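Trainee: Please take a close look at the place where the protein meets the nucleic acid. Start with a single contact and then work outward from there, in one go.

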Amino acid sequence: MRPAGPHPPATSDLEGLDPEQRAAVEHDQGPLLIVAGAGTGKTTVIARRIAHLIASGRARPSEILALTFNEKAATEMQERVDVLVPYGYADAHIATFHAFGEEVLSSFGIEIGIAPSFTVLDQTAQALFLAEHLEELGLDQYAPLSDPTKYLRELAGFFNKLKDYPIAAEELRRFAEAGLARSETDPAARDGFARALELARAADRYNTLGWKQGFVDFGDLLALTLRLFDESPSALQFLQQRFRYVLVDEFQDTNPVQFEIVRRLTAVHRNLVVVGDDDQSIYRFRGAHLQNILKFHEFFPDARSIVLTRNYRSTREILKSARRLILVNQDRLETRLLISKELLTERTGPMPRIKELPTEAEEAAWVAAEIRAAVESGARRCRDIAILVRSNKNAEPFLRALDEQGVPYYFPGSRGLFQRPEIREMVALLYSLSQDAREDHLYHLAESAYGVPGDDLSRLVHELSSEPTKLRTLMERASNRSTAVEISEEGRERIATMLEDLRALKHTARDHRVGEVLRAYLERRGIIKRLRAPSSFEDEIKARNIVKFFKVVQMFASVAVVDRVPLFLRHLGAIMDYGEDPAVAEIGEESDVVQVLTIHRAKGLEFPVVYLVQAATDRFPTRNLRRGIDVPVELAPGERTSSELHKEEERRLCYVAFTRAKEELIATHAVDYGGKRPRQRSEFLSEAFDLGKPAPAQKRQRVMEELEAYRTDAPQGLPPLARPPAHEPIRLSHQRIADYDTCPLKYHFLHVLAVDPILTLDHRVNFGNAVHQAVAFALERHRLGEPPTFEQVLEVYRSSWRNEGYRSEEHARRRFEQGAAALRSFLEREVLGEEPPTDVERSFRFNLGDVIVSGRMDRVDEGPDGVVITDYKTSELEGEEHADASARDNLQLSIYALAHKELTGRVPQRLELRYVLGGAVGTSTRSEEKLERTRDRILAIAESVRSVDFRAQPSEHNCSICACRPICSESAV
DNA sequence: GCCCGTAGGGTTTTT
DNA sequence: CCCTACGGGC
Ligand SMILES: Nc1ncnc2c1ncn2[C@@H]1O[C@H](COP(=O)(O)OP(=O)(O)OP(=O)(O)O)[C@@H](O)[C@H]1O
């Protein structure tokens, strides 16, 4: 790889430019907008123009300001200009918008009350700051008691988004208040405005709190700069006089506040040149705006416009497909401004290819094999080739396949450090040394760092269910042979080593810094020695990741009051929960290797050969998922999100991918990415190559996947299990069925290995238990004709309460109060106000063949028209209108209904979900057919359990809330 | 052609 | 959990 762009000799500053480029470079005074497609030399023009301004003596270098969107572009621009302006005095100001803002604020910030010594908070620091001050932001709906930090990321994102425009907190507040005042009769609208008001207040408090302490976030670097320009005419004037020529690259990626800054800066001399390509705007998700290009003409009606159409990169075949694709988009400058950006070139080459393969693995293998062949034949070098993926995790199979083919590669992932095994191991170690150690940390450490066999661990954990002690204690006993639990010799030795290490390191941790403790651990384990002279690619990556983790430790050390393990763990926990997951270490960056990149990362680069992979339904384009909190449209005109706009952005992304290719473009896709349905080729391929609708879905080939099931090493990290004898009945419960449904591996952890004694219960589970106990008690007394007093119910609630896992004492107290208040209204409503139930906590058990299903119904009411079965829920109230739908879809109720049917031959008259916290009730019924399906589902799960099928089904959501996550190696998060 | 149940995904990245 | 797309059934 190399950065796109020429390095022509410095002799003539106009040499080699085509007429349009030349016109742009020579453009004299006044505003100029250059719009052009990919590979037309836009970046080249900016660099050459800077050189020309200097060389022609029209400007001194210090009078030139070139703004880019990211560091990389700024560095690259600087390098190009350095080559073009030989005397080494090219000190034109080339910077990112943020760097420029930071500089301006350092010099002039004091005029708007920002002391020059301010600290810039990065995304992680900002999240930590928010977490620390969450209670001071006056949040309500955005900090629910069940999970106060639930919206923390969203809030941070929202506060940043406000600054992209910028919309002041004050402005948002006025908007919300006005809205509330005029929508008195419309509860839905009121709710929206109330939320906006809550956000406005929180944003204001967050800002004030931070600024007072000398913290500014990234958004502030821009928003405060703009405010400075508006509030301090002298500062603005100074900068206007200093920078007489302003240039902006990648203008389509700028957001409104950036444009406003540039406008102010050039308001007097109007020497502003911007270049951009609306078709390559791929950061709209982050506030970039086509609006800016349109507004350019609005603010500079006399602006000159230049369109570049000569393409210096790709073949005609590639350009033709790219154009056909991008023309599908409706929202484009070509149509709005009536210009033509159609790209011209004389170059020709092979037609782009599309390759369909049966499975994901075969797709990756095919690409890797092609690459290997091309490199071996000498036709290409590795660096000539790029594999472009839509999202980081799509890269995985390709990296594996390249490994297998022995093809070296570079993959700059953008996160994932904390998921790496070598890092998880160190984290588990640190926890195991601290007071906050949980059993799962020790389990994980033993399993993954010390290689204690899974069989031994399961036996130890199993023992815990009968012997109420600590895993640590059992391990101590195992290591000196004083337990009845059967442990392999290998396991015993490894456990002994681990415990010895832990004792020694615990000692070290008392009076040493975190970095020193970790180092001591790595020394003891011989890891340092091994990684000092890495013998494999994998070891090299490990070593670098460990170094990266030490950077996190260092960062902590530089801000920590006391550099000791327990404090570090609190810090790390917060980073992992709401901070940024750092990128894994990069490798092979500079050398002759294949580049595996996300399309976003590939922007601005060019390669002779490009593979665009996983071009299939749901992979590319991705689905439209809106997340985060939206800025009210009234305040952010032109800001719309819709699935069509999303698709257009994805299409631009595809356009960027295509136009990275100079000679060869190959798009691949597979039919089988592991799901149940066959995948079709991306609609973008149909559009670009005029293919019409993809062929009807053939039956998926399951060959590979079937083989996969017989892999001897799968599933990972689990002891091999014997198939239970056919005559032994399978016992299932609602919980077991639900767990298997969520993820077979979760079932395995919880109900086969029975690891629950070493897992930590979420505070919500404890809360739910306490409320349930109290509800059951109240109902039972009601049933017996002795309705309890509130004090009695409260007593049961209090005695079941566990004060663990809350954010703070205050949080626990408020949550307790919430439960108590709910119980009070529950008592009034359902005990004083309703007939007593027929049964409370009624146990049941029925057989389906050799499957035994058992459980307990919270409440049963028998009436003349049949039976009503009720389940109480303690989750936060979702919209009341959804309560019936929840009751309809609820698996637990289906199982109770089926139980009733099996035991009495009759379908219950009604099923109810009662939400204790809000008092909402959802009612539903179950038809015979529906129960039939429930029964089939149970039987299918039983069969899978019998056949020992516990392959993990990792998913974003399920893994993020799964109790087994700390000990699971398959987790998606 | 429309309704409903079921399957599948849950980005992208910079400062 | 929540939202969307698709395919089967009518
Ligand atoms: N006048 C020219 N003569 C020859 N080659 C040129 C000329 N102008 C630009 N190029 C080459 O064309 C390629 C694309 O240039 P550049 O990266 O500046 O284009 P761009 O418009 O910024 O592309 P993109 O929008 O895709 O990032 C580079 O390899 C560059 O060296």
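Mentor: Start with Asn 392, where a polar backbone atom sits 2.9 Å from a phosphate oxygen of DNA strand B. Keep in mind that this is a predicted model. Glu 71 makes a contact of a similar kind: one of its backbone N or O atoms is 2.5 Å from a phosphate oxygen of DNA strand B. Gln 123 reaches a base, with an N or O atom of its side chain 3.0 Å from a base oxygen of DNA strand B. Two elements, α26 (599–602) and α38, each give two or more residues to the surface near this strand.

In full, 30 residues lie around DNA strand B, and those that come nearest are Glu 71, Arg 415, Arg 623, Lys 676 and Arg 679. Of the atoms of DNA strand B that come within 4 Å of the protein, sugar and phosphate account for 52%. By residue type, the surface near DNA strand B divides into 14 charged, 12 polar and four nonpolar.

Now turn to DNA strand C. Which residues are around it? They are Arg 623, Arg 626, Arg 677 and His 957. Here sugar and phosphate make up 29% of the strand's atoms that come within 4 Å of the protein. Sorted by type, the residues near DNA strand C are three charged, one polar and no nonpolar. Arg 623, which is listed among the nearest residues to DNA strand B, also has a side-chain N or O atom 3.5 Å from a base oxygen of DNA strand C. His 957 has a polar side-chain atom 3.2 Å from a sugar or linking oxygen of DNA strand C.

Next, look at the loop before α38. Val 948 is in the loop between α37 (928–946) and α38 (956–960). Its phi is near 55 degrees, which is a positive value in a residue other than glycine. Is Val 948 buried, partly exposed or exposed? It counts as partly exposed because its relative accessibility is 25%, and that class lies between 20% and 50%. Glu 250 is another residue other than glycine with a positive phi, near 50 degrees. The place of Glu 250 is the loop between β6 (245–248) and α11 (256–266).

Another loop to inspect is the one between β13 and α27, where Pro 621 is found. The peptide bond that joins Phe 620 to Pro 621 is cis, with omega about 0 degrees. Another cis bond runs from Tyr 165 to Pro 166, with omega near -10 degrees. Pro 166 belongs to the loop between α6 (152–164) and α7 (169–182).

The two elements that flank Pro 621 lead to a sheet. Six strands make up this open sheet, with parallel pairing, in the order β9-β14-β13-β10-β12-β11. At its edges are β9 (353–359) and β11 (409–410), each of which pairs on one side only. Helix α27 (residues 643–658) packs on the sheet and touches β10 (385–389), β13 (607–612) and β14. The direction of α27 makes about 140 degrees with that of β13. Strand β14 (residues 661–672) runs parallel to β9, and six bridges join the two. One of the bridge pairs is Arg 353 with Ile 666 in β14.

His 669 is also in β14. Is His 669 buried or exposed? It counts as buried because its relative accessibility is 2%, and the cut-off for buried is under 20%. Leaving out residues up to four places away in sequence, His 669 touches several residues, including Ile 354, Lys 355, Glu 356 and Leu 357, as well as Ala 615, Ala 616 and Arg 681.

Last comes the ligand. It is surrounded by 21 residues, of which the closest are Gly 16, Lys 42, Thr 44, Arg 313 and Glu 606. Lys 42 places a polar side-chain atom 2.6 Å from an oxygen atom of the ligand. For Thr 43, a polar side-chain atom is 2.9 Å from a ligand oxygen, and for Gln 280 the distance from a polar side-chain atom to a ligand oxygen is 2.9 Å.

Note on methods:
Residues are numbered from 1 along each chain as its sequence is written. Chains are lettered from A and ligands numbered from 1 in the order in which they are written. This is a predicted model: local features need pLDDT of at least 70, side-chain atom pairs count only at pLDDT 80 or more; totals for chains, interfaces and linings use all residues. Side-chain values use heavy atoms; hydrogens and water are left out. Two strands pair if DSSP finds at least two bridges between them. Helices (H or I, at least four residues) and strands (E, at least two) are DSSP runs, numbered from the N terminus. Contact means heavy atoms within 4.5 Å. Axes are lines fitted to C-alpha atoms, for helices over the stretch in contact, and angles run from 0 to 180 degrees between N-to-C directions. A residue is near a molecule or strand if one of its heavy atoms lies within 4 Å of it. A polar contact is a pair of N or O atoms within 3.5 Å; within protein, one must be able to donate a hydrogen and the other to accept it, and residues adjacent in sequence count only if both atoms are side-chain atoms. Ala, Val, Leu, Ile, Met, Phe, Trp, Tyr, Cys and Pro count as nonpolar, Asp, Glu, Lys and Arg as charged, and the others, Gly among them, as polar. Buried means under 20% relative accessible area, exposed over 50%, partly exposed in between (1.4 Å probe, protein chains only).
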